[in-house]
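Student: I should like to understand how labels such as buried, salt bridge and pocket are assigned. Could we examine one structure together?

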Amino acid sequence: MTKAVGQKLRVAQRAMERKMLGLKLTDKISCKEIRNKTQVSDIVQYIAKQKWKWAGHVTRLQDNRWTLRVTEWQPRNGKRSRGRQARRWRDDIVRTIGNTWTREAKDREEWRRGAEGFILQWMDEA
């Protein structure tokens, strides 16, 4: 997820929270107050947590399902298009934990403990 998409999701979530409470932008109530009243977690952090859980789940699969094959797939020609390279699904995980993330995800308890660092990285981009 890019910063721009994350920001759009956060804006939409705040608008929905204001709607739930019957507030308007002109009421000038801070986002923190609204968040305390609604007790809703941040959407971007939730997405990051779910992504982390899904990555661990997929790497622990034992059979030859397409989800595991797609995650580990490498293109044959290895050539990517010109310009800045598009971020892949696993690039965020590799940036957080390194290239050995598939081995580390095999240990479920250790993987759960590492989730907090991954989620905190998304808080920094807020």
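The dialogue that follows takes up several labels in turn, for a model that is predicted.

Student: Why is Gln13 called buried?

Tutor: The label buried requires a relative accessible area under 20%. Gln13 has 10% relative accessibility, so this residue counts as buried. Gln13 belongs to helix H1, which covers residues 3–21.

Student: Which residues does Gln13 touch, leaving aside those up to four places away in sequence?

Tutor: Gln13 is in contact with Arg35, Val40, Ser41, Asp42 and Ile43. Contact here requires heavy atoms within 4.5 Å.

Student: What makes Lys51 and Asp92 a salt bridge?

Tutor: The rule asks for a side-chain nitrogen of Lys or Arg within 4 Å of a carboxyl oxygen of Asp or Glu. In the pair of Lys51 and Asp92, the closest N and O atoms are 2.9 Å apart, and the pair therefore satisfies the rule. As background, side chains of opposite charge can pair when their charged atoms come close.

Student: Which parts does the pair of Lys51 and Asp92 tie together?

Tutor: Lys51 is in helix H3 and Asp92 is in helix H5, residues 91–97, so the salt bridge ties together parts that lie 41 residues apart in sequence.

Student: Are Lys51 and Asp92 buried or exposed?

Tutor: Lys51 has a relative accessible area of 14%, so Lys51 is buried. Asp92 has 2% relative accessibility and therefore counts as buried. The cut-off for that label is under 20%.

Student: How many salt bridges does the rule give?

Tutor: The count comes to seven salt bridges.

Student: How do you know that Glu109 and Arg112 form a salt bridge?

Tutor: Their closest N and O atoms are 3.3 Å apart, and the limit is 4 Å, so the pair qualifies. Both Glu109 and Arg112 lie in helix H7, three residues apart, about one turn of the helix.

Student: What label does each of Glu109 and Arg112 receive for accessibility?

Tutor: Exposed means over 50% relative accessible area, and partly exposed lies between the limits for buried and exposed. Glu109, at 43%, therefore counts as partly exposed. Arg112, at 53%, therefore counts as exposed.

Student: What separates Arg113 and Glu110 in helix H7?

Tutor: Arg113 and Glu110 are three residues apart in helix H7, which means a separation of about one helical turn. Arg113 and Glu110 form a salt bridge with closest N and O atoms 2.9 Å apart. Arg113 is at 54% relative accessibility, so the label is exposed. Glu110 is at 41%, so the label is partly exposed. Elsewhere, Lys51, Asp92 and Arg95 are joined into one network by salt bridges that share partners.

Student: What makes up the largest nonpolar core?

Tutor: This core has ten residues in all: Ala48, Trp52, Ala55, Ile93, Trp101, Ala105, Trp111, Ala115, Phe118 and Ile119. H3 and H7 are the elements that give two or more residues to this core. H7 gives the most, with four residues.

Student: What is the volume of the largest pocket, and which of its lining residues are closest to the centre?

Tutor: The largest pocket has a volume of about 350 Å³. Twelve residues line the largest pocket, and the closest to its centre are Val70, Thr71, Trp73, Arg88 and Arg90. Helix H4, residues 66–72, gives the most to this lining, with three residues. By class, the lining has five nonpolar, four polar and three charged residues.

Student: Which residues line the second largest pocket?

Tutor: The lining consists of Lys49, Trp52, Lys53, His57, Arg60, Arg108, Trp111, Arg112 and Ala115. Helix H3 (43–59) and helix H7 (108–124) are the elements that give two or more residues to the lining of the second largest pocket. This second largest pocket has a volume of about 170 Å³. Its lining divides into three nonpolar, one polar and five charged residues.

Student: Why are Lys28 and Gln39 called exposed?

Tutor: The label exposed needs over 50% relative accessible area. Lys28 has 72%, so Lys28 is exposed, and Gln39 has 64%, so Gln39 is exposed. Lys28 is in the loop between H1 and helix H2 (31–38), while Gln39 is in the loop between H2 and H3.

Student: What is phi for Lys28 and for Gln39?

Tutor: Phi is near 55° for Lys28, a positive value in a residue other than glycine. For Gln39, phi is near 60°, a positive value in a residue other than glycine. In general, most residues other than glycine have a negative phi.

Methods: Residues numbered from 1 in each chain as written. Predicted model: local features only at pLDDT ≥ 70, side-chain atom pairs only at ≥ 80, totals over all residues. Heavy atoms only, no water. 1 Å grid on protein atoms, 1.4 Å probe; cavity = no way out; pocket = protein on both sides within 12 Å on 5 of 7 lines; lining within 4 Å. Points joined across faces, edges and corners; volume = space filled by probe spheres on them. Nonpolar A, V, L, I, M, F, W, Y, C, P; charged D, E, K, R; others polar. Buried < 20%, exposed > 50% of the residue type's maximum accessible area, 1.4 Å probe, protein only. Core = buried A, V, L, I, M, F, W, Y, C linked by side-chain atoms within 4.5 Å.
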